[in-house]
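Here are a few exercises on empty space, a bound ligand and some backbone oddities. Grab your viewer and work through them in order.

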Amino acid sequence: MPQSPLQLSKLASRTKDQPISLFMKMAIETPGLISLAAGLVDEPSLPVAEIRETFDGLFANPPAARAALQYGTTEGYLPLRQKLLERYAAEDGLSPDSLPFSVDDVLITNGSQQLLYIVSEALLDPGDIVITEAPSYFVFHSVLTSHGAEVLGVPMDDHGMRTDLLETMLLRLEQTGKLDRVKLLYTVDYFQNPSGLSLAPERRRHLLELARRFSKKHRILILEDAAYRDLRYDGADVRSIKCLDTTNSSVVYTSTFSKPCSPGVRVGFGILPHDLMIPAHRIKGNHDFGSANLNQHLAYQMLQSGRYDSHLKDLRAAYVAKRDAMLESLQAAFREWPGVKWAKPAGGMYCWLRFPADVQTGPDSPLMKEALREGVLYVPGQFCHVADMTGKLATNEIRLCFGVATVDQIREGVRRLAKAAKRLTSLQGPVEDREAVVA
Ligand SMILES: Cc1ncc(COP(=O)(O)O)c(C=O)c1O
């Protein structure tokens with residue numbers, strides 16, 4: 001009997017494949033291909049011994065082990081939430097007692113990705129507007145699109161999102177009667193995926209001021225995604241936007257164990273304004289009524305025992321070596337091409353390259369074809385952008401990740417990329433003929 005077609009929900013119909021999936025598949029299936037594309041973490045430093053010791057300790061105590069093997073609560077393991085709150089306060093130089101929120105506003109999730117999803121589900125209806133940095137974390141763009149949201153991008157410079165341009169955008173939205181649709185301002189404000197850049201302290205204040213000033217008929221929230229905060233290699237930590245939100249009303253803060261500890265454990269969390277925590281908790285209840293309890297106990301014990309912090313020290317050293325290898329290789333490979341620009345990331349896992357405007361980097365571009373022929377893979381920058389208000393999409397950038405490739409692979413991968421780029425005529429010819437680009 002012929003089958004009737006499925007009638008998918010509107011949400012499922014709006015949900016598209018991640019463009020990056022094809023690239024990840026290609027990286028896994030092509031022997032010899034060096035992937036500087038995948039945002040996977042450094043393998044040799046994954047904390048195998050620390051996690052084994054932690055589990056040994058946990059399973060040496062059968063009642064504690066049984067508690068960890070049982071279902072937990074929707075909001076998550078209380079000692080972990082308390083610990084995260086203490087750590088968050090310490091990072092921002094505050095005492096836990098002085099915070100304008102409590103452990104009741106901390107939600108444990110399956111990675112920070114689930115927190116991003118839950119916040120979207122709690123706030124967004126089709127036609128709502130979310131403003132992000134341009135470029136931005138493309139997986140979140142897909143979440144937003146599947147909820148029917150319109151995504152607008154605000155350009156960045158070396159100090160992060162241009163909040164002056166955000167202000168202009170908000171004014172324009174107000175003049176055109178669209179301010180009522182703006183729900184969220186999303187920032188990855190520490191060593192951003194994909195640019196590696198961070199939001200400067202004065203812009204953090206400006207961002208919060210804008211969120212408040214333009215909150216008219218409803219509150220516009222800032223979603224502060226601090227996924228890479230612990231992966232700092234240079235300079236002192238910068239205080240969060242959340243700590244400026246002294247009434248706990250405007251900022252959702254999220255971070256994760258994935259990048260600084262283990263993505264296989266997949267524990268993330270959010271600190272939410274109380275009136276958002278209530279619906280978020282209900283939605284989390286519908287998703288799974290609580291993240292894997294065992295993993296939460298593991299995360300707590302890693303923090304409590306100090307193993308997390310000692311691991312972090314080793315991990316930072318591994319990433320500094322990789323970051324520096326990538327920067328040195330880029331410098332050596334693109335020395336003769338001042339039109340190719342990048343900034344030094346002070347943390348995280350990514351380096352963002354901008355080519356002259358006439359060099360296309362997209363999935364079907366000559367550069368991609370040459371790069372694949374040479375055996376190196378990058379993420380086309382256009383995956384991280386949405387078209388601007390005039391319909392234009394930046395197509396001359398690439399994201400390189402120094403997370404999972406070894407130092408030797410990073411050096412060889414960048415050499416291959418430069419070789420591929422050299423074959424493109426648009427990068428040849430006298431320097432003065434090429435457009436100077438400010439990264
Ligand atoms: C900026 C950013 N936010 C959130 C996530 C989600 O990470 P996880 O769900 O593993 O915590 C990622 C993963 O790459 C990311 O880059």
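A pocket, on a 1 Å grid over the protein atoms alone, is an open set of points with protein on both sides within 12 Å along at least five of seven lines. Keep in mind that the model is predicted.

**Exercise 1. Describe the largest pocket: its volume, its lining and the elements behind it.**

Step 1: start with the volume. The largest pocket comes out at about 710 Å³.

Step 2: go to the lining. It takes 34 residues to line the largest pocket, and those nearest its centre are Ala-134, Pro-155, His-385, Asp-388 and Ala-394.

Step 3: map the lining onto secondary structure. Two or more residues each come from β4 (150-157), α8 (163-175) and β10 (350-354). With six residues, β4 gives the most.

Step 4: sort by class. The lining of the largest pocket splits into 21 nonpolar, five polar and eight charged residues.

**Exercise 2. Find where the ligand sits and work out what surrounds it.**

Step 1: pick the right pocket. The ligand sits in the second largest pocket.

Step 2: list the neighbours. There are 13 residues around the ligand, and Ser-112, Asp-225, Tyr-228, Thr-256 and Ser-258 come nearest. Helix α6 (residues 111-123) gives the most to this shell, namely three residues.

Step 3: sort the shell by class. You should get four nonpolar, six polar and three charged residues.

Step 4: look for polar contacts, using a cut-off of 3.5 Å between N or O atoms. A nitrogen atom of the ligand has a polar side-chain atom of Asp-225 at 2.6 Å. On the oxygen side, a side-chain N or O atom of Thr-256 lies 2.6 Å from an oxygen atom of the ligand. Ser-258 also has a side-chain N or O atom 2.6 Å from an oxygen atom of the ligand.

Step 5: check the burial. Taken alone, the ligand exposes 390 Å², and the protein buries 93% of that.

**Exercise 3. How many cavities of 30 Å³ or more does the whole structure hold, and what lines the largest cavity?**

Step 1: think about the probe. Rolling a probe the size of a water molecule over the atoms shows where empty space is left.

Step 2: count. The search of the whole structure turns up three cavities of 30 Å³ or more. For the largest cavity, the volume is about 170 Å³.

Step 3: read off the lining. The largest cavity has 16 lining residues, with Leu-84, Glu-91, Asp-230, Ser-255 and Phe-269 nearest its centre. The elements giving two or more residues are α5 (78-91) and β8 (251-256). The largest share, four residues, belongs to α5.

Step 4: sort by class. This lining has 10 nonpolar, two polar and four charged residues.

**Exercise 4. Where are the cis peptide bonds at Pro-135 and Pro-194, and which residue near them in your loop list has a positive phi?**

Step 1: take Pro-135. A cis peptide bond joins Ala-134 to Pro-135, with omega about 10°. Pro-135 belongs to the loop between β3 (129-134) and α7 (138-146). Ala-134 should ring a bell: it is among the residues nearest the centre of the largest pocket.

Step 2: take Pro-194. Here the cis peptide bond is with Asn-193, and omega is about 25°. You'll find Pro-194 in the loop between β6 (182-187) and α9 (201-213).

Step 3: check phi. Phe-191 has a phi near 50°, a positive value in a residue other than glycine. Phe-191 is in the loop between β6 and α9.

Methods:
Residues are numbered from 1 along each chain as its sequence is written. This is a predicted model: local features need pLDDT of at least 70, side-chain atom pairs count only at pLDDT 80 or more; totals for chains, interfaces and linings use all residues. Side-chain values use heavy atoms; hydrogens and water are left out. A residue is near a molecule or strand if one of its heavy atoms lies within 4 Å of it. A polar contact is a pair of N or O atoms within 3.5 Å; within protein, one must be able to donate a hydrogen and the other to accept it, and residues adjacent in sequence count only if both atoms are side-chain atoms. Accessible areas come from the Shrake-Rupley method with a 1.4 Å probe; for residues, only the protein chains shown count as cover. On a 1 Å grid over the protein atoms alone, a cavity is a set of points where a 1.4 Å probe fits but cannot get out, and a pocket is an open set with protein on both sides within 12 Å along at least five of seven lines; lining residues have an atom within 4 Å of a point. A molecule sits in a cavity or pocket if more than half of its atoms lie within 2 Å of its grid points. Ala, Val, Leu, Ile, Met, Phe, Trp, Tyr, Cys and Pro count as nonpolar, Asp, Glu, Lys and Arg as charged, and the others, Gly among them, as polar. Grid points are joined across faces, edges and corners, and a volume is the space filled by probe spheres set on the points.
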